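Colleague: I should like to request a close look at a single part of this model, followed by a connected account of how that part is put together.

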Amino acid sequence: MGVAVRPPALRHWFSHSIPLAIFALLLLYLSARSLGTRSCCGPRAQPCVPGGTAPFQVRQESGPLEAPERKQPPCVGPRGMLGRMMRPFHANLKPEGDVGLSPYLAGWRALVEFLTPLGSVFAFATREAFTKVTALEARVHGPDAEHYWSLAAMAAWEQRAGLLEQPGAAPRDPARSSGSRTLLLLHRALRWSQLCLHRVATGTLGGPDAGVQCSDAYRAALGPHHPWLVRQTARLAFLAFPGRRRLLELACPGATEAEARAALVRAAGTLEDVYNRTQSLLAERGLLQLA
Ligand SMILES: *[C@@H]1O[C@H](CO)[C@@H](O)[C@H](O)[C@H]1NC(C)=O
């Protein structure tokens, strides 16, 4: 009995990395919660009116004032979370065959605001997206603003000015990433959001649950571009994914399940339009290999 068994290196590694992973997940969970409580859109809340955004335009109807007929739930209305996300994303398709950057980023801000309270895994994805939105906004309003009003203009300018990274090579300082590369990273995250929301909206009883569907969407859209550690963290975060019913309730408070599903299908469709347009623009310019 006198032999002290030294823990093999592997055990040593596990004993340190498991508490570390649990700690990381806890942080993830806590940050998601704190973001969630800052949101004004609880499951039973009225349509959300966060402070600091521009007041929306009240459209003057020509008809007399009457009780609005309930054709669609408040979440897709002008003050609803989904409505406020879809409007700028529609607007960014205005230049024919191009993507307007300012409305694209406004759409992204609303998308982040919408996704963050839905659960820790969304918070995990959106925190990164938010940094990129801010970085691109700095260019849209920066000294070279004239070149950053649309995707095509930005790509042409960055190509001309030699600002693009070598394909596949990450910039030494991620904060100095070209606008085109930052957009590409956002574009992939948009794809994940679109696939996930669409699957949550259309999933059938007895089919795979929402967490599995969104986890599959992650593996298709983002996984191949993420390092191992991020993929593992995401995989664990998906274990705590909310159920479909809960997601629908959060996405469209006060609506029936059918209304909420229809609203999410519409929102995902808008994201798909934006994704398709962006995808073909990036592909035409050989920019899908930037990262
Ligand atoms: C997006 O593109 C795909 C593939 O080209 C196509 O199947 C799909 O219908 C398009 N979606 C929209 C909303 O246009």
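Is the crossing of H7 and H8 left-handed or right-handed? Please describe the pairing of these helices in full, and then place it in the setting of the whole protein.

Modeller: The model is a predicted one, and the description below should be read accordingly. The crossing of H7 and H8 is right-handed. Two packed helices are described by the angle between their axes and the distance between the axes. Here, helix H7 spans residues 210-221 and helix H8 spans residues 228-239. Their axes come within 10 Å, and the crossing angle is roughly 165 degrees. Because angles over 145 degrees count as roughly antiparallel, H7 is roughly antiparallel to H8.

As for the residues that form the contact, H7 contributes Gly 211, Cys 214, Ser 215 and Tyr 218. On the side of H8, the residues met are Val 230, Arg 231, Ala 234 and Phe 238. By character, the residues of this contact divide into 5 nonpolar, 2 polar and 1 charged.

Turning to the setting, the secondary structure of the protein consists of 10 helices and 0 strands, so the order of elements from the N terminus on reads α-α-α-α-α-α-α-α-α-α. The protein has 291 residues, of which 44% count as buried. Its accessible surface comes to about 16,500 Å², and carbon and sulfur atoms account for 60% of that area. Among contacts between residues at least 6 apart in sequence, 71% join residues at least 24 apart.

Note on methods: Residues are numbered from 1 along each chain as its sequence is written. This is a predicted model: local features need pLDDT of at least 70, side-chain atom pairs count only at pLDDT 80 or more; totals for chains, interfaces and linings use all residues. Side-chain values use heavy atoms; hydrogens and water are left out. Axes are lines fitted to C-alpha atoms, for helices over the stretch in contact, and angles run from 0 to 180 degrees between N-to-C directions. Helices (H or I, at least four residues) and strands (E, at least two) are DSSP runs, numbered from the N terminus. Angles under 35 degrees count as roughly parallel, over 145 as roughly antiparallel, 65 to 115 as roughly perpendicular and the rest as oblique. A crossing is left-handed if the near helix is turned anticlockwise from the far one by less than a right angle, and right-handed if clockwise. Contact means heavy atoms within 4.5 Å. Ala, Val, Leu, Ile, Met, Phe, Trp, Tyr, Cys and Pro count as nonpolar, Asp, Glu, Lys and Arg as charged, and the others, Gly among them, as polar. Buried means under 20% relative accessible area, exposed over 50%, partly exposed in between (1.4 Å probe, protein chains only). Accessible areas come from the Shrake-Rupley method with a 1.4 Å probe; for residues, only the protein chains shown count as cover.
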